[in-house]
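Colleague: I am new to reading protein models. Could you take me through one, feature by feature?
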Amino acid sequence: MARHQAARSGDDPAHLSRDTLWISRFMMAAFSSLAICILLVLLYFAGVTDARAVILSISAIVGSVLVFWLIFWFGLNRGSRDPSLTLPMATSAVVSLLFAMTLSDVTRDVLVSYFGLVLLFCVFRFRTPMLLLLCGLILVGYGAVIALSWPVGGWKAHSDDIARWMAMATALPMFAVIGGNIMAGRRAAMRRLAASEERFRRLTALSSDWYWEQDAALRFTTVSAGLETHAGIAPARLIGKTVEELRADPAPEELAAYQNAVHARQSYAGIEWRMRDDAGALRWISMDGEPTFDAAGELLGYYGTGRDITQRRQAEALVHFRAHHDALTGLPNRALLNDRLAAAIDQARAVSRELWVVFLDLDRFKLINDSLGHKVGDMLLQIIAQRMQGVLRGSDTIARMGGDEFVLLLPDSPAGSLSTALIARIMDAVCAPVSAAGNELLISCSMGIAVYPADGDAGDMLVEHADVAMYRAKQAGRNNFRFYKAEMNELAMYRLRMESDLRNAIESQEFVLYYQPQMDLKSGRISGVEALLRWQHPRPGLVHPAEFIGVAEEIGLIVPIGAWVLEQACTQAAAWQRAGCPPLQMAINLSARQFAQKDLVSSIDAALRRSGLAASQLEIEITESLMMTDVEQAAATLNELKRLGVRLSVDDFGTGYSSLYYLKRFPIDKLKIDRSFVRDIGSDPDSEAIVGAIISLAHSLGLSVVAEGVERHEQLAYLARCGCDSMQGYLFSAPLESEAMERMLRGLPPSKAAGERGKMAGAGQMPGPVASGKAGAFNPPPAWERK
Ligand SMILES: Nc1nc2c(ncn2[C@@H]2O[C@@H]3COP(=O)(O)O[C@H]4[C@@H](O)[C@H](n5cnc6c(=O)[nH]c(N)nc65)O[C@@H]4COP(=O)(O)O[C@H]3[C@H]2O)c(=O)[nH]1
C-alpha cells in the first residue's frame with residue numbers, strides 16, 4: 001500500500017512522509033483490531049463465549065478494517081479534513097466493540113477495556129470536546145447494550161454492567177478532559193517549537209552562515225541548507241564525515257587549532273579550512289563550534305555555524321600577491337626578492353654551491369619612456385620580463401626592482417649550470433627587436449653579476465655589488481656585462497659623491513661654457529664655435545664633461561643643465577654679434593634625455609627668441625645612437641627642429657651605425673668625423689680611407705663635413721686634400737673661455753693662460769694631444785680622488 005501511495009504521489013518526499021503517517025495510523029488500528037479478534041478466539045476456546053458471537057464480532061471488526069484498507073488503498077482519505085480518518089476509525093472501533101458486546105454478554109466486561117484503548121489512540125488526535133463526544137458515544141452505546149440485554153436477568157444480572165457503566169461515566173469524561181488538556185498543552189508546545197524552528201530556519205536563510213551539528217565522533221549529523229546556498233556544497237556531502245575527511249588535497253595545515261580545541265573539548269571560533277564545492281572549485285570554510293555534554297559530562301557532540309570565506313581569502317591572497325609582486329610585470333618585487341634571496345643563500349650554503357645575483361638595467365630605457373610615452377615603456381617592460389622568464393629555469397627568480405631595473409637570482413645546479421652562456425642568452429632575449437604600439441624598438445641591457453659566496457654572503461650586499469658591476473658594464477659602453485670586482489666599490493663611492501655634488505652645482509653656478517672654434521678650410525676663417533661645458537668644482541677644480549655628463553644623464557640632471565647650456569650659448573653668440581664680431585655658427589651638444597623632452601623644440605625656440613640669435617646660427621649636435629633608438633620619433637623631432645630653422649649635425653660620425661638610410665631619412669646638414677679616425681691619419685691607411693669616404697659620401701648627399709680632434713699639420717693637409725669643409729682641434733685652438741674666444745673672433749692676440757689647455761696643462765704651451773673621453777666614458781680624475 002505504501003508503494004502504491006508513493007507512486008501516486010509522484011515519489012514526492014513530502015507526500016511519502018504524509019502517506020507513511022496515515023498508513024502507520026491505520027496499521028495501529030488494524031493491529032488493535034487483530035488483537036481483539038485474537039482475544040475473542042481465545043475466549044471462545046476458553047468456553048467463555050459462543051462461536052456465533054465470536055464469528056459475528058470478528059466479521060464486523062475485520063469488515064470495518066477492510067473498508068478502511070480500501071479507502072486508504074484508493075486514496076479516498078486524501079479529500080478528507082483529517083486524512084488519517086481517526087474519527088471514522090474510532091467510531092467504527094467503538095461500534096464494532098458495542099456489536100461484539102451485544103452478542104456476548106459474558107465477554108462484555110473484557111471487551112469494555114478496549115474502549116480505553118480506542119480513547120488512548122484518540123487522545124493524541126482529538127481536542128477535549130471531540131474526546132467528550134466519543135466518551136458520550138461509548139457511554140450511550142454501552143447503555144444501549146445494557147438496555148438491550150435487560151429483559152434477560154433483570155437488575156440483578158446487570159448490576160455489574162451498571163456499576164461498570166457508572167465507573168466509566170465518571171472516569172471517561174475525566175480522562176477526556178485531562179487527556180485533552182495535556183495534549184492541547186503538548187500541541188501548543190509543538191507549535192511553539194515549530195514556530196521557533198521556522199524562525200531559526202529563516203534566520204539562517206537570511207544570514208550567510210549555516211548551522212551544523214556533529215556527534216561525539218565529530219561526524220556531521222546536521223547541516224543546514226545555507227551551505228548549499230552560499231558555498232555550493234550539498235549538505236549531504238558532509239553528513240557522516242569529519243572535517244579532516246572533507247579537507248581538500250593537499251591538505252593545508254590550518255586545522256591544528258581545530259584539532260587542539262576539539263581534543264580539549266573546548267569551543268572554537270574562526271577555524272578555516274578548504275574543501276571543493278560540488279562544481280570542483282576550491283572553497284574556504286570558516287567554522288565556530290561549541291561542545292555539548294550530557295548530565296554526566298560526556299561529550300555529546302559539537303554544534304555551531306559555518307560560513308564561506310572564499311571571497312575574503314581570495315581578496316587577502318590578492319593583497320598578499322600585490323604586496324610581493326610588481327603590478328606591471330607580475331614579477332616578484334623587492335620585498336619578495338629579499339625573501340627568496342635569503343632562502344637561496346641558505347640553500348646555496350647548505351649544498352656548498354654558487355649563487356649568481358645579476359643586476360640588469362635596460363640601456364636608454366628612459367629615453368624610450370620619455371619620447372614614446374609610459375604606455376610604450378610599460379609594454380616594453382612587460383615583453384622583456386616575459387622573454388627573460390622564458391629563458392630562465394624554474395629554480396631561478398627574476399624580480400623587478402622598479403623602473404627598468406631587474407634582479408635575477410640564479411642558483412647553481414649540481415651539474416654546474418651557471419655560465420656566461422646563460423648571461424648571453426638573457427642578453428639576446430632582451431636585445432631582440434620589440435614591436436610595441438606600432439614602434440619597432442631596439443633595446444639593449446647592461447648586467448652586473450655578484451657571486452655568492454665570493455662577493456658576499458648577505459643578500460643586500462650581493463645585490464649592491466651586482467649593481468656596482470652593472471654600472472661598470474654601462475660605463476664600458478652598455479650592452480655588456482661585468483662580474484663584480486672589489487675595486488669597483490671605490491668607483492661606486494666616487495660616483496655617489498659626484499651625484500650629490502652635481503645636484504648642488506646648478507644652484508651654486510659652478511658650470512661654465514668654453515668655446516672651441518671651428519675653422520673653414522677654404523677661407524681660413526672661423527666659421528663657428530662649439531660650446532663645451534665645464535664644471536668649476538670647488539675642490540678638484542675644472543672638471544671635463546666626459547666625467548660628469550653620463551652621470552647627469554642618468555640621474556636626469558642633464559635636462560636642466562642642457563637648458564642652461566642652450567640659454568648661455570645663444571646669449572653669448574648674440575652678444576658677440578652685437579659686439580661687432582663676425583656672424584658665426586654656435587654648436588651645442590644635445591643629450592639623449594634632452595632629445596626626448598616633449599618641449600625640446602619650444603624650449604629652443606624660446607631660447608632663440610630671448611637671446612635674439614637667428615635660428616640659422618644655432619647648430620645642434622646629436623649622436624647617431626640618439627637617432628636610432630626610435631627612428632620615427634627621431635625623424636619627427638628633427639623635422640620640427642629643421643622647420644624652426646636650426647642646423648643639425650651628427651657628432652662622432654663613423655663610430656655608430658653610420659647608416660646611409662638615416663642620412664637620407666633625417667634632415668641633417670653636417671657630419672662631424674669622429675676624432676678617432678682623424679687621430680690615425682698618417683699612421684693608419686684604413687682610417688684615412690674612412691675619412692675620405694665619409695667626406696665624399698657627405699658631399700654626394702649635399703652635407704658639409706667637419707673634422708674634430710685635428711692636432712697635427714699632416715692631418716690638416718690630408719683633410720684639405722679630401723675636401724673637408726672645416727676643422728676643429730688643438731692645432732687651431734683648444735676650447736677657450738668666452739673672453740679669450742671673443743679676442744680670437746676679433747682677431748686680437750690671445751691673452752696669457754687663455755686656452756683651456758693652458759689652464760689645465762700650463763699656459764702658453766703649444767697645443768698637443770690631450771686625452772679626452774666621450775660623455776659616458778667615465779674615469780675618475782686623480783685630483784678628485786685625492787680630495
Ligand atoms: N683629443 C682631442 N680632443 C679635442 C681636440 N679638440 C677638441 N677636443 C675635445 O673633443 C671634444 C669635442 O666634443 P664632442 O665630440 O661634442 O664631445 C663632447 C660632448 O659629447 C660632451 N659635451 C660637452 N659639452 C656638452 C654639453 O654642453 N652638453 C652635452 N650634452 N654634452 C656635452 O662631452 C664630450 C667631451 O667634451 P670635451 O671634454 O669638452 O671634449 C671636447 C673637446 O675638448 C683635439 O684636438 N684633440
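Colleague: How many nonpolar, polar and charged residues are in the shell around the ligand?

Modeller: Start with the classes. Ala, Val, Leu, Ile, Met, Phe, Trp, Tyr, Cys and Pro count as nonpolar, Asp, Glu, Lys and Arg as charged, and the others, Gly among them, as polar. Here the shell around the ligand has 12 nonpolar, 9 polar and 7 charged residues. Keep in mind that this is a predicted model: local features need pLDDT of at least 70, side-chain atom pairs count only at pLDDT 80 or more, and totals for chains, interfaces and linings use all residues. Residues are numbered from 1 along each chain as its sequence is written.

Colleague: Which residues are closest to the ligand?

Modeller: A residue is near a molecule or strand if its C-beta atom, placed from the backbone, lies within 6 Å of it. In this model 28 residues surround the ligand. The closest are Leu533, Pro545, Asn589, Gly729 and Tyr730.

Colleague: Which helices and strands each supply at least two residues of that shell?

Modeller: Helices (H or I, at least four residues) and strands (E, at least two) are DSSP runs, numbered from the N terminus. The elements you ask about are β14 (526-537), α20 (545-554), α21 (558-578) and β18 (647-653). The largest share, 3 residues, comes from α20. In the protein there are 32 helices and 21 strands.

Colleague: What share of the residues is buried?

Modeller: Count C-beta atoms, placed from the backbone. A residue is buried if 20 or more others lie within 10 Å of its own, exposed if 12 or fewer, and partly exposed in between. Of the 787 residues, 36% count as buried.

Colleague: What share of the contacts joins residues 24 or more positions apart?

Modeller: Two residues are in contact if their C-beta atoms, placed from the backbone, lie within 7 Å. Take the contacts with a separation of 6 or more: residues 24 or more positions apart account for 60% of them.

Colleague: At what angle do α16 and α17 pack?

Modeller: Axes are lines fitted to C-alpha atoms, for helices over the stretch in contact, and angles run from 0 to 180 degrees between N-to-C directions. Helix α16 (residues 374-391) meets helix α17 (residues 420-431) at about 150°, and their axes are 9 Å apart. So α16 is roughly antiparallel to α17. The cut-offs are these: under 35 degrees is roughly parallel, over 145 roughly antiparallel, 65 to 115 roughly perpendicular, and the rest oblique. Residues on the α16 side are Ile384, Arg387, Met388, Gly390 and Val391, facing Arg425, Ile426, Ala429 and Val430 in α17. By class, that contact has 6 nonpolar, 1 polar and 2 charged residues.

Colleague: How do α4 and α6 pack?

Modeller: Their angle is about 175°, and the axes of α4 and helix α6 (residues 113-123) are 10 Å apart. That angle is why α4 counts as roughly antiparallel to α6. From α4 come Thr86, Ala90, Ala93, Val94 and Leu97; from α6 come Tyr114, Phe115, Val118, Phe121 and Cys122. This contact has 9 nonpolar residues, 1 polar and no charged.

Colleague: Which peptide bond is cis?

Modeller: Look at omega. A cis bond joins Tyr452 and Pro453, with omega about 5°. Pro453 is in the loop between β11 (445-452) and α18 (459-475).

Colleague: Where does Leu85 lie, and what is its phi?

Modeller: Leu85 lies in the loop between α3 (51-73) and α4 (86-103). Its phi is positive, about 55°, although Leu85 is not a glycine. Leu85 counts as buried because it has 20 C-beta neighbours inside 10 Å. Now take Arg364. Arg364 is not a glycine, yet it has a positive phi of about 55°. Its loop runs between β6 (355-362) and α15 (365-372). Arg364 has 21 C-beta neighbours inside 10 Å, so it counts as buried.

Colleague: Why does Phe511 count as partly exposed?

Modeller: Because Phe511 has 19 C-beta neighbours inside 10 Å. Phe511 lies in strand β13 (residues 511-520). Leaving aside neighbours within four places in sequence, Phe511 is in contact with Ala505, Leu533, Trp535, Ile561 and Trp564.

Colleague: Is Gly240 buried or exposed?

Modeller: Gly240 is exposed, because 12 other C-beta atoms lie within 10 Å. Gly240 sits in the loop between α10 (226-231) and α11 (243-246).
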